[in-house]
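Me: Could you walk me through how to read a structure like this one? I would like the general idea each time, and then the case at hand.

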Amino acid sequence: MRPSARAEMSLLIEQQGPVVHVTLNRPEVRNAFNEVLIAELTAWAASVKADGPARVAVLSGAGKAFCAGADLTWMSKMVAYTRDENVRDAGAMAGMFEALDRLPIPLIGRVHGAALGGGVGLAAVCDIVVAADDAFFGFTEVKLGIIPAVISPYALAKIGRSAARELFLTGARFSAARAKEIGLVHRVVPDADLDVTIGSYVSEILTAGPEAIAAAKALIPQVWPPGIEAATAPPARAIAARRVSSEGQEGLTAFLEKRKPSWTR
Ligand code: COA
């Protein structure tokens, strides 16, 4: 089949036979997601059907990084929104992660460079994650005076409470090797081997029944961890509150002004 390509403003979608390549395409901000990218990614995820042409999707980032998380310029502007607008907007971000998490076909994450904040969240909603050995991760939100909120159900489901308590509370960066150790990443390979490793996962998936794959994927969250569906609303309210708090505003502004936040000792 001839590849077909569709370019949204900040998302590239390319169908190659049964494989759809979805590329975050805001390399100038390290693929940070704003409301436009959130809407595009959510719409794409909602359009994927278990019996459609795509049997597997590969999520990657254009340029130097996989994803630098939420767009901090957009986050910092929330202070000018009404409370309802802020909560609705946080709900849209939560909806993106939910739609990706529930994708009826396998989603393979191709992580290179940075995966920070919501970028780790994107890795967490992938079924399979292949990372370059020099990729780095971090739940950096607390460094910015905000919290890993809407990604927390998915991140916790992958890494468990113990690693979350360490990594959510320090905001420290961690290596691809550590990400594999805590269950966020499945394979760590040299950057040059990312595509061939993903190719072997794709080949494996294409020999399995698409309906069986969709049913197996849908079964997992029903069995473990219990209650993940009920856990998605409180985090959206929590990030809506944090990002307009004075500490959140100080952290976001400090990043954008390239200075240390006032609390740094
Ligand atoms: N939101 C908005 N802009 C961002 C961004 C984000 N999450 N991450 C990076 N950018 C912007 C930078 O401000 C910079 O803009 P400029 O060119 O106008 O100065 C540009 O992207 C490139 O970033 P830079 O830091 O110069 O690139 P780098 O390759 O040296 O480092 C990162 C990349 C991702 C490691 C670094 O930008 C970073 O730590 N970003 C913050 C990520 C984060 O903590 N995200 C959590 C959000 S919840």
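Reply: Happy to. This is a predicted model, and we can start with burial. A residue is called buried when its relative accessible area is under 20%. E250 has a relative accessible area of 19%, so E250 counts as buried.

Me: Where does E250 lie in the fold?
Reply: E250 lies in helix 10, which spans residues 246–256. For a sense of its surroundings, take P261: E250 and P261 are 11 residues apart along the chain, and their C-alpha atoms are separated by 6.3 Å.

Me: And S245, is that one buried or exposed?
Reply: S245 is buried, because its relative accessibility is 18% and the cut-off for buried is under 20%. S245 is found in the loop between helix 9 and helix 10, with helix 9 covering 233–244.

Me: Which backbone atom lies 2.7 Å from a polar atom of the S245 side chain?
Reply: For a polar contact, look for a pair of N or O atoms within 3.5 Å. Here the partner is the backbone oxygen of R242, at 2.7 Å from a polar atom in the side chain of S245.

Me: Let us move to a strand. What are the relative accessible areas of I128 and A132?
Reply: I128 has a relative accessible area of 15%, so I128 is buried. For A132 the value is 0%, and A132 is therefore buried too. I128 is placed in strand 7, and A132 is found in that strand, which runs over residues 128–132.

Me: How far apart in space are the C-alpha atoms of I128 and G109, and those of A132 and A177?
Reply: Here we set separation along the chain beside distance in space. I128 and G109 are 19 residues apart along the chain, with 6.2 Å between their C-alpha atoms. A132 and A177 are 45 residues apart along the chain, and their C-alpha atoms are separated by 9.5 Å.

Me: What does partly exposed look like, say for A212?
Reply: Partly exposed is the range between the buried cut-off of under 20% and the exposed cut-off of over 50%. A212 has 48% relative accessibility, which means that A212 counts as partly exposed. A212 lies in helix 8, residues 210–223. From A212 to D101 there are 111 residues in sequence and 17 Å in space, C-alpha to C-alpha.

Me: Now the ligand. How many residues surround the ligand, and which are the closest?
Reply: There are 19 residues around the ligand, and the closest are R30, A68, L72, T140 and K258. By class, that shell has 10 nonpolar, 2 polar and 7 charged residues. The ligand sits in the largest pocket.

Me: Which atoms of A68, L72 and K258 lie at short range from the ligand's N or O atoms?
Reply: Check whether each protein atom belongs to backbone or side chain. A68 has a backbone N or O atom 2.9 Å from a nitrogen atom of the ligand. L72 likewise has a backbone N or O atom 2.8 Å from a ligand nitrogen atom. With K258 it is the side chain: one of its N or O atoms is 2.7 Å from an oxygen atom of the ligand. As for coverage, the protein covers 70% of the 860 Å² of accessible area that the ligand has on its own.

Me: What can the backbone angles of R30 and K258 tell me?
Reply: Look at the sign of phi. R30 has a phi near 55°, a positive value in a residue other than glycine, and phi of K258 is near 55°, again positive in a residue other than glycine. R30 lies in the loop between strand 3 (19–24) and helix 1 (35–47), while K258 is in the segment after helix 10.

Me: Are R30 and K258 buried, partly exposed or exposed?
Reply: R30 has a relative accessible area of 34%, so R30 is partly exposed. K258 is at 78% relative accessibility and therefore counts as exposed.

Note on methods: Residues numbered from 1 in each chain as written. Predicted model: local features only at pLDDT ≥ 70, side-chain atom pairs only at ≥ 80, totals over all residues. Heavy atoms only, no water. Near = heavy atom within 4 Å. Polar contact = N/O pair within 3.5 Å; in protein donor to acceptor, adjacent residues only side chain to side chain. Areas by Shrake-Rupley, 256 points an atom, 1.4 Å probe, with all protein chains shown as cover. 1 Å grid on protein atoms, 1.4 Å probe; cavity = no way out; pocket = protein on both sides within 12 Å on 5 of 7 lines; lining within 4 Å. Sits in = over half its atoms within 2 Å of the grid points. Nonpolar A, V, L, I, M, F, W, Y, C, P; charged D, E, K, R; others polar. Helix = DSSP H or I, 4+ residues; strand = E, 2+ residues; numbered from the N terminus. Buried < 20%, exposed > 50% of the residue type's maximum accessible area, 1.4 Å probe, protein only.
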